[in-house]
Amino acid sequence: MGLKVYHAMAVAVVPLHLLWNLWIICGAMLTRRRRTLRWLHIVSLVYSLLIEALPWPPCPLTLLEAWLEARAGVTPYHGSFLVHYLEAIVYPDIPVSWLIAGAGVVCAFNLGVYAFRYYHPAEGGWR
């Protein structure tokens with residue numbers, strides 16, 4: 001494959017990352033009364049917390065994007081998608097630890113929504 005194809009594929013991974021982040025942030029709103037989606041979102045939240053907080057396992061989408069960029073002849077970035085793009089575009093002067101903490105807060109908030117729904121089923125719609 002040509003360099004342009006690898007570059008196009010690397011660029012195509014970015015919207016997948018954005019969709020993943022939207023799923024993590026907003027997924028609790030989509031899962032009410034949908035048991036399968038609810039559990040998928042809870043597992044996604046826990047997985048996201050692990051890949052942000054621990055050095056291993058790395059995010060598979062970040063690995064794929066870096067591999068495709070390297071094949072395209074572009075120097076891939078190092079670190080997580082969240083840190084790379086949010087730091088560079090939205091929050092250029094915020095420490096990396098704050099971005100990771102913010103991601104943790106978002107995940108914890110979503111898990112709190114599920115806990116509330118579980119313990120208050122009439123109000124939150126767990127069942």
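In these legends, a contact means heavy atoms within 4.5 Å of each other.

**Figure 1. Welcome to the whole protein, a predicted model with six helices and zero strands.** Reading along the sequence gives the pattern α-α-α-α-α-α. The protein has 127 residues, of which 30% count as buried. About 8200 Å² of the protein is exposed, and carbon and sulfur atoms supply 73% of that area. Among the contacts with a separation of 6 or more, 57% join residues 24 or more positions apart.

**Figure 2. Here is a guide to confidence along the chain, where the average pLDDT is 85.** A score of at least 70 is reached by 85% of the residues. Helix α2 (residues 35-53) has the highest confidence, with a mean of 93. Helix α4 (residues 81-90) has the lowest, with a mean of 64. Where pLDDT is low, please do not read the predicted coordinates in detail.

**Figure 3. The largest nonpolar core brings together seven residues.** Its members are Trp23, Ile24, Ala28, Ile42, Leu45, Cys107 and Tyr114. Two or more of these residues come from each of α1 (3-30), α2 and α5 (96-119). Helix α1 gives the most to this core, with three residues. A second, separate core has five residues, including Tyr6, Val13, Leu68 and Ala72.

**Figure 4. Zooming in on Ile24 shows one member of the largest core and its contacts.** Leaving out residues up to four places away in sequence, Ile24 touches His41, Ser44, Leu45, Ser48, Val106, Cys107 and Asn110. Of these partners, Leu45 and Cys107 also belong to the largest core.

**Figure 5. Trp20 in helix α1 meets Ser48 in helix α2.** Setting aside neighbours within four places in sequence, Trp20 is in contact with Ser44, Tyr47 and Ser48. The C-alpha atoms of Trp20 and Ser48 are separated by 9.6 Å, and the two residues lie 28 residues apart along the chain. Is Ser48 buried or exposed? Ser48 is buried, because its relative accessible area is 7% and the cut-off for buried is under 20%. Trp20, with a relative accessible area of 25%, is partly exposed. Beyond four places in sequence, Ser48 touches Trp20, Ile24 and Cys107.

**Figure 6. Leu3 sits in helix α1 and touches residues far along the sequence, among them Ala72.** Leu3 and Ala72 are 69 residues apart in sequence, yet their C-alpha atoms are 4.4 Å apart in space. Which residues does Leu3 touch, not counting those up to four places away in sequence? They are Arg71, Ala72 and Gly73. Even with these contacts, Leu3 counts as exposed, at 53% relative accessibility. Its partner Ala72 is one of the residues of the second core.

**Figure 7. Met1, Val5 and Met9 make a nonpolar surface patch.** The patch covers about 300 Å². Met9 has its place in helix α1. At 34% relative accessibility, Met9 counts as partly exposed.

**Figure 8. Cys59 lies in the loop between α2 and α3.** Take a look at its contacts: apart from residues up to four places away in sequence, Cys59 touches His17 and Ile51. The C-alpha atoms of Cys59 and His17 are separated by 9.8 Å, with their positions 42 residues apart along the chain counted as the separation. Cys59 counts as buried because its relative accessibility is 15%, and buried means under 20%.

**Figure 9. Two backbone details in loops are worth a visit: Pro57 and Arg33.** Pro57 lies in the loop between α2 and α3 (60-71). The peptide bond from Trp56 to Pro57 is cis, with omega near 10 degrees. Arg33 is found in the loop between α1 and α2. What is the phi of Arg33? It is positive, at about 60 degrees, although Arg33 is not a glycine. Arg33 is exposed, with a relative accessible area of 59%.

Definitions and conventions
Residues are numbered from 1 along each chain as its sequence is written. This is a predicted model: local features need pLDDT of at least 70, side-chain atom pairs count only at pLDDT 80 or more; totals for chains, interfaces and linings use all residues. Side-chain values use heavy atoms; hydrogens and water are left out. pLDDT is the predictor's confidence in each residue, from 0 to 100. Helices (H or I, at least four residues) and strands (E, at least two) are DSSP runs, numbered from the N terminus. A nonpolar core is a set of buried Ala, Val, Leu, Ile, Met, Phe, Trp, Tyr and Cys residues joined through side-chain atoms within 4.5 Å. Buried means under 20% relative accessible area, exposed over 50%, partly exposed in between (1.4 Å probe, protein chains only). Patches are made of residues with over 30% relative accessible area and no salt bridge: like charges are joined within 9 Å, nonpolar side chains (Val, Leu, Ile, Met, Phe, Trp, Tyr) within 5 Å. Accessible areas come from the Shrake-Rupley method with a 1.4 Å probe; for residues, only the protein chains shown count as cover. A salt bridge is a side-chain nitrogen of Lys or Arg within 4 Å of a carboxyl oxygen of Asp or Glu.
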